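Trainee: Can we go through this model together? I would like to start with one residue and work outwards.

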Amino acid sequence: KEAEQQQKLANVVILATGGTIAGAGASAANSATYQAAKLGIDKLIAGVPELADIANVRGEQVMQIASESISNDDLLKLGKRVAELADSKDVDGIVITHGTDTLEETAYFLNLVEKTDKPIVVVGSMRPGTAMSADGMLNLYNAVAVASDKQNRGKGVLVTMNDEIQSGRDVSKSVNIKTEAFKSAWGPMGMVVEGKSYWFRLPAKRHTVNSEFDIKTISSLPAVDIAYGYGNVTDTAYKALAQGGAKAIIHAGTGNGSVSSRVVPALQELRKNGVQIIRSSHVNQGGFVLRNAEQPDDKNDWVVAHDLNPQKARILAMVAMTKTQDSKELQRIFWEY
Ligand SMILES: NC(=O)CC[C@H](N)C(=O)O
């Protein structure tokens, strides 16, 4: 009977990378003070015995770190392992446990480069498993449930936190401490309740199988850095980043991605020297930067990130620049993804 049930269940691999979902605190009252990335994947799986009812689950520890320390090389390593598993006939879905600080970056990266329609779900938690009212167990259960359901194929890389199914492209950590941390300016795509997925909308942007990018052909990512716009800003950071080797600089601009008059000449100069300048906005949600609004992008040969926040714009710029150094092509890519 047991063997029969196993045959019917989907095969889901959990790739563990660390974060709070693998964290541990000194006491149950420590919901915010704890160490991330302490528990191995076997302990995480053992902590949610109900997983065995919904999928044949196995785990792999890809790394064990807090996500603010994830490097481009880590992204490539994870992305290549996801692709290998997605190609395997006996894998139906993939879950990645991840720290929440850069979860949105990893989810968007995978959304751009994984050529599969199998569900890929990135998940984390806001409280360690040792805390009262820890959210990791349910988030992981929901992630495995979403990854094991064939109906969830072809919808891009997903993020399941706080009962919601979010697009890996759109979602962003918008609140810290609280468990309703992950939001998208365009709303969640669905809900996952008691392991069942309920869909309300689908992504309009190119992703996974419809993407022109493929992790299997990417061996390194170019340096792309971010500089922040604010009152009384100087051009020091922008120049330093270029000197440090940045091939593109994401301007995390005020409002419409506006650029201080004290910074404009340096950015024009950097562009002439070959550095791509990409204007985004650091407003909290719903940034929307348009070409030639606030700044003459056609004249300056700059790119706009449209609705992508600065950290997501960095991911897309890196991936795009593995294929093109042309600013018009870059701009096309920023509209399409
Ligand atoms: N809630 C979290 O996962 C944050 C812990 C840690 N800073 C990380 O991103 O891995």
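Trainee: Is R153 buried or exposed?

Mentor: R153 is partly exposed, because its relative accessible area is 28%; buried means under 20%, exposed over 50% and partly exposed in between, with a 1.4 Å probe and protein chains only. This is a predicted model, where local features need pLDDT of at least 70, side-chain atom pairs count only at pLDDT 80 or more, and totals for chains, interfaces and linings use all residues. Residues are numbered from 1 along each chain as its sequence is written, and side-chain values use heavy atoms, with hydrogens and water left out.

Trainee: Which residue forms a salt bridge with R153?

Mentor: D117, with the closest N and O atoms 3.7 Å apart; a salt bridge is a side-chain nitrogen of Lys or Arg within 4 Å of a carboxyl oxygen of Asp or Glu. The pair links distant parts of the chain, 36 residues apart: D117 is in the loop between α5 (103-113) and β4 (120-123), and R153 is in the loop between α6 (136-147) and β5 (158-161). Helices (H or I, at least four residues) and strands (E, at least two) are DSSP runs, numbered from the N terminus.

Trainee: And how many salt bridges are there in the whole structure?

Mentor: A search finds 18. One of them joins E60 and R81, with 2.7 Å between the closest N and O atoms. E60 sits in strand β2 (residues 55-65) and R81 in helix α4 (residues 72-87), 21 residues apart.

Trainee: Is E60 buried or exposed?

Mentor: E60 counts as buried, because its relative accessibility is 19%. R81, at 25%, counts as partly exposed.

Trainee: Which residues are linked in a network of salt bridges?

Mentor: R206, E212, E329, R332 and E336. Within that network, the closest N and O atoms of R206 and E212 are 3.5 Å apart.

Trainee: Switching to the ligand. What surrounds it?

Mentor: The surrounding residues include Y34, E68, T100, D101 and S125, where near means a heavy atom within 4 Å. Polar side-chain atoms of E68 and D101 lie 2.8 Å and 2.7 Å, respectively, from a nitrogen atom of the ligand. For T100, an N or O atom in the side chain is 2.7 Å from a ligand nitrogen. The protein covers 91% of the 290 Å² of accessible area that the ligand has on its own, by the Shrake-Rupley method with a 1.4 Å probe; for residues, only the protein chains shown count as cover.

Notes:
Polar contact = N/O pair within 3.5 Å; in protein donor to acceptor, adjacent residues only side chain to side chain.
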